[in-house]
Amino acid sequence: MIYSHEVQQMCCVKKGANHASAPIPEEGKWVRAKEVKDISGLTHGIGWCAPQQGACKLTLNVKDGIIQEALVETVGCSGMTHSAAMAAEILPGKTILEALNTDLVCDAINTAMRELFLQIAYGRTQSAFSEGGLPIGAGLEDLGKGLRSQVGTMYGTLEKGPRYLEMAEGYCTRIALDAEDQIIGYEFVNFGKFMEEIKKGTDATEALKKMTSSYGRFAEGVKYIDPRKQ
């Protein structure tokens, strides 16, 4: 340890205040975190790249400071999907401090990691008050059956109005309009479940029919349009 000349010439004054760090909630316990291994929790966070052309939602499940599970979801940039593939391989096994200082290939994923680090380090996790935390695999629960991200894709123009392309329920195939040409419902295909049926050997036409459903007052439509063609 090197001290400057000015500090060396100072007299010693005893430090009186010696308060411990504030406890943070972690998996049903109050923890005074001093080291990386003191940190546990599952949480989500959003990151974005500098040109803001894409975004990443990152989910991490941390146990004793080490990332046990990572879910990387990206939107808006084709290159991000490949970055996410590498990040999913990189993150598990690293401490949250290592992960914070690791190149996760894509700016948006790096930013998401930064935001998650802040949440986890301050005890603002989804599992903060869950005794024992959440099991490894909990990150997949948000995806639901078919293991597909919750995606919403909508498009609209002043001239032609809105088009629903994909909802959380699935891929939109038709939009129902009333007599005034206003949207009153939509038809969709749950693509994750559809692919599962195909893998089971179900005929594609039958699987498509089986996994097609509707939302809203779709059956009352006066007119039906294909959002990708009309």
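**Exercise 1. Helix α5 and its cover**

What covers the buried residues of α5? Identify those residues, then examine E197.

*Solution.*

Step 1. Note the type of model: it is predicted.

Step 2. List the buried residues of α5: G192, F194 and E197.

Step 3. Find the cover. It includes β9 and α6 (204-210).

Step 4. Locate E197. This residue sits in α5, which runs over residues 191-200.

Step 5. Classify E197. Buried means under 20% relative accessible area. E197 has 8%, so it is buried.

Step 6. Look for a polar partner. The side chains of E197 and K210 make a polar contact of 3.5 Å.

Step 7. Widen the search to contacts. Leaving out residues up to four places away in sequence, E197 touches T202, A207, K210 and M211.

Step 8. Inspect the two ends of α5. At the N-terminal end, N190 acts as the cap, with a side-chain oxygen 3.4 Å from the backbone nitrogen of G192. Just after α5 comes G201, with a positive phi of about 105°.

**Exercise 2. Helix α4 and the core**

Describe the span and burial of α4, then its share of the largest nonpolar core.

*Solution.*

Step 1. Take the span. Helix α4 covers residues 107-121, 15 residues in total. From first C-alpha to last it reaches 21 Å, close to the 21 Å expected at 1.5 Å a residue.

Step 2. List the buried positions of α4: A108, I109, T111, A112, M113, L116, F117 and I120.

Step 3. Find what covers them. Strands β1 (24-26), β3 (41-48), β4 (55-63) and β5 (66-75) are among the covering elements. So are helices α2 (78-90) and α3 (96-100).

Step 4. Turn to the core. The largest nonpolar core has 24 residues, and L58, L60, L91, I109 and M113 touch the most other members.

Step 5. Assign the core to elements. At least two residues each come from β4, β5, α2, α3 and α4. The biggest contribution is that of α4, with seven residues.

Step 6. Follow one member. M113 touches L58, L60, L91, I96, A99, L100 and L104, with residues up to four places away in sequence not counted.

Step 7. Check what follows the helix. After α4 comes G123, whose phi is positive, near 80°.

**Exercise 3. Salt bridges across the sequence**

How many salt bridges are there? Work through three of them, with location and exposure.

*Solution.*

Step 1. Take the count: eleven salt bridges.

Step 2. Start with K63 and E27. The closest N and O atoms of this salt bridge are 3.0 Å apart. K63 belongs to strand β4 and E27 to the loop between β1 and β2 (29-31), so the pair ties together parts 36 residues apart in sequence. Both K63 and E27 are buried.

Step 3. Move to D142 and K57. Their side chains form a salt bridge at 3.7 Å, N to O. D142 is in the loop between α4 and β6 (153-157) and K57 in strand β4, so this pair links parts 85 residues apart in sequence. D142 has 36% relative accessibility, so it counts as partly exposed. K57 is partly exposed too, because its relative accessible area is 26%.

Step 4. Take K223 and D181. This salt bridge has an N to O distance of 3.3 Å. K223 lies in strand β11 (residues 223-225) and D181 in the loop between β8 (170-177) and β9 (183-189), so the parts tied together are 42 residues apart in sequence. With 39% relative accessible area, K223 is partly exposed. D181, at 47%, is partly exposed as well.

Step 5. Look for shared partners. Salt bridges with partners in common join K57, E73 and D142 into one network.

**Exercise 4. The chain as a whole**

Compare the radius of gyration of the protein chain with that of a compact globule. Then add box, burial and contact range.

*Solution.*

Step 1. Count the elements: six helices and eleven strands.

Step 2. Compare the radii. A compact globule of 230 residues would have a radius of gyration near 17 Å, whereas the protein chain has 25 Å.

Step 3. Add the box. Along the principal axes, the C-alpha atoms fill roughly 90 × 40 × 30 Å.

Step 4. Take the burial. Of the 230 residues, 35% are buried.

Step 5. Finish with contact range. Among contacts with a separation of 6 or more, 51% join residues 24 or more positions apart.

Notes
Residues numbered from 1 in each chain as written. Predicted model: local features only at pLDDT ≥ 70, side-chain atom pairs only at ≥ 80, totals over all residues. Heavy atoms only, no water. Helix = DSSP H or I, 4+ residues; strand = E, 2+ residues; numbered from the N terminus. Expected span 1.5 Å × (residues − 1). Buried < 20%, exposed > 50% of the residue type's maximum accessible area, 1.4 Å probe, protein only. Contact = heavy atoms within 4.5 Å. Polar contact = N/O pair within 3.5 Å; in protein donor to acceptor, adjacent residues only side chain to side chain. Salt bridge = Lys/Arg side-chain N within 4 Å of Asp/Glu carboxyl O. Core = buried A, V, L, I, M, F, W, Y, C linked by side-chain atoms within 4.5 Å. Rg over C-alpha atoms; globule rule 2.2 N^0.38 Å.
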